Amino acid sequence: NPIFIMNKLPLLIDFDGVINLNGKIAPDANEFFSFLREEKIPSLILSNSTLKSSIEIKEFLSLSNIETDIPIITTVDASVEYLKKNYSSASVYCSEKVRFFFSSIKDSDKPEVILIGDLEDKWTYDILNEILVKVLNGAEIIAMQKNRYWLKNGKILIDAGSFIVALE
């Protein structure tokens, strides 16, 4: 779009489904990133995935021979920063793949907030009840995402949004 190029409007780039196509780099991704760099178009790579951080996206790009200095932010990155800035204690329910990113957040049995991400197939009645008790004791809920379902290996799987709605 010539108007876009002339005005150098910031470009938000979704990672999954745009750059990452089912675990493979999108065709012509190198040319795309070269174009952004040459035209000096301010850009940001975003991902609403609760299963990866910006570090993993950078690794994916590097393994795909894509070198870029475009900032990257995921739901995990944003959630860590938001909790640090706004709460002194939290209970974090998310995949073990990203749990360690929250290690600087003080865990508590009586948290101010409960952060809910994707537990994949680890959801249980006991976990839902544990979260419910914390909510009834005054904790707020923050959802990293609220998808009803997602696709994995061609199968539809229930996602965190269904559990979050039940807790609300």
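**Overall features, nonpolar cores and helix H4**

The accessible surface of the protein chain amounts to about 10300 Å², and carbon and sulfur atoms account for 55% of that area. The structure is a predicted model, in which the C-alpha trace of the protein chain spans about 55 × 35 × 30 Å along its principal axes. Seven helices and ten strands make up the secondary structure of the protein chain. Of its 168 residues, 40% count as buried, and among the contacts in the protein chain with a separation of 6 or more, 61% are accounted for by residues 24 or more positions apart.

In soluble globular proteins, nonpolar side chains tend to be buried together. In the present model, the largest nonpolar core holds 15 residues, of which Leu83, Phe102 and Leu115 touch the most other members. At least two residues of this core are supplied by each of helix H4, strand E6 (90–93) and strand E7 (113–116), and the largest share, three residues, comes from H4. A second core, separate from this one, comprises 14 residues, including Ile13, Leu61, Ile66 and Ile70.

The surroundings of leucine 115 can be described residue by residue. When neighbours within four places in sequence are left aside, leucine 115 is in contact with Ser79, Leu83, Ser91, Val92, Tyr93, Phe102, Ile142 and Met144. Of these partners, Ser79 is located in helix H4, and it counts as buried because its relative accessibility is 9%, where the cut-off for burial is under 20%. With residues up to four places away in sequence not counted, serine 79 touches Phe102, Leu115 and Met144; Phe102 and Met144 also appear among the contacts of leucine 115.

Helix H4, which covers residues 75–86, also contains aspartate 77. This residue is buried, yet it has no salt bridge, and the nearest side chain of opposite charge, that of lysine 58, is 7.8 Å away. Since a salt bridge requires a side-chain nitrogen of Lys or Arg within 4 Å of a carboxyl oxygen of Asp or Glu, the separation of 7.8 Å between aspartate 77 and lysine 58 lies outside that limit. A polar atom of the aspartate 77 side chain does, however, lie 2.9 Å from the backbone nitrogen of threonine 74. Beyond the residues up to four places away in sequence, aspartate 77 touches Ser53, Ser54 and Ile72.

Note on methods
Residues are numbered from 1 along each chain as its sequence is written. This is a predicted model: local features need pLDDT of at least 70, side-chain atom pairs count only at pLDDT 80 or more; totals for chains, interfaces and linings use all residues. Side-chain values use heavy atoms; hydrogens and water are left out. Helices (H or I, at least four residues) and strands (E, at least two) are DSSP runs, numbered from the N terminus. Buried means under 20% relative accessible area, exposed over 50%, partly exposed in between (1.4 Å probe, protein chains only). Lys and Arg count as positive and Asp and Glu as negative; His and the chain ends are not counted. A polar contact is a pair of N or O atoms within 3.5 Å; within protein, one must be able to donate a hydrogen and the other to accept it, and residues adjacent in sequence count only if both atoms are side-chain atoms. Contact means heavy atoms within 4.5 Å. A nonpolar core is a set of buried Ala, Val, Leu, Ile, Met, Phe, Trp, Tyr and Cys residues joined through side-chain atoms within 4.5 Å. Accessible areas come from the Shrake-Rupley method with a 1.4 Å probe; for residues, only the protein chains shown count as cover.
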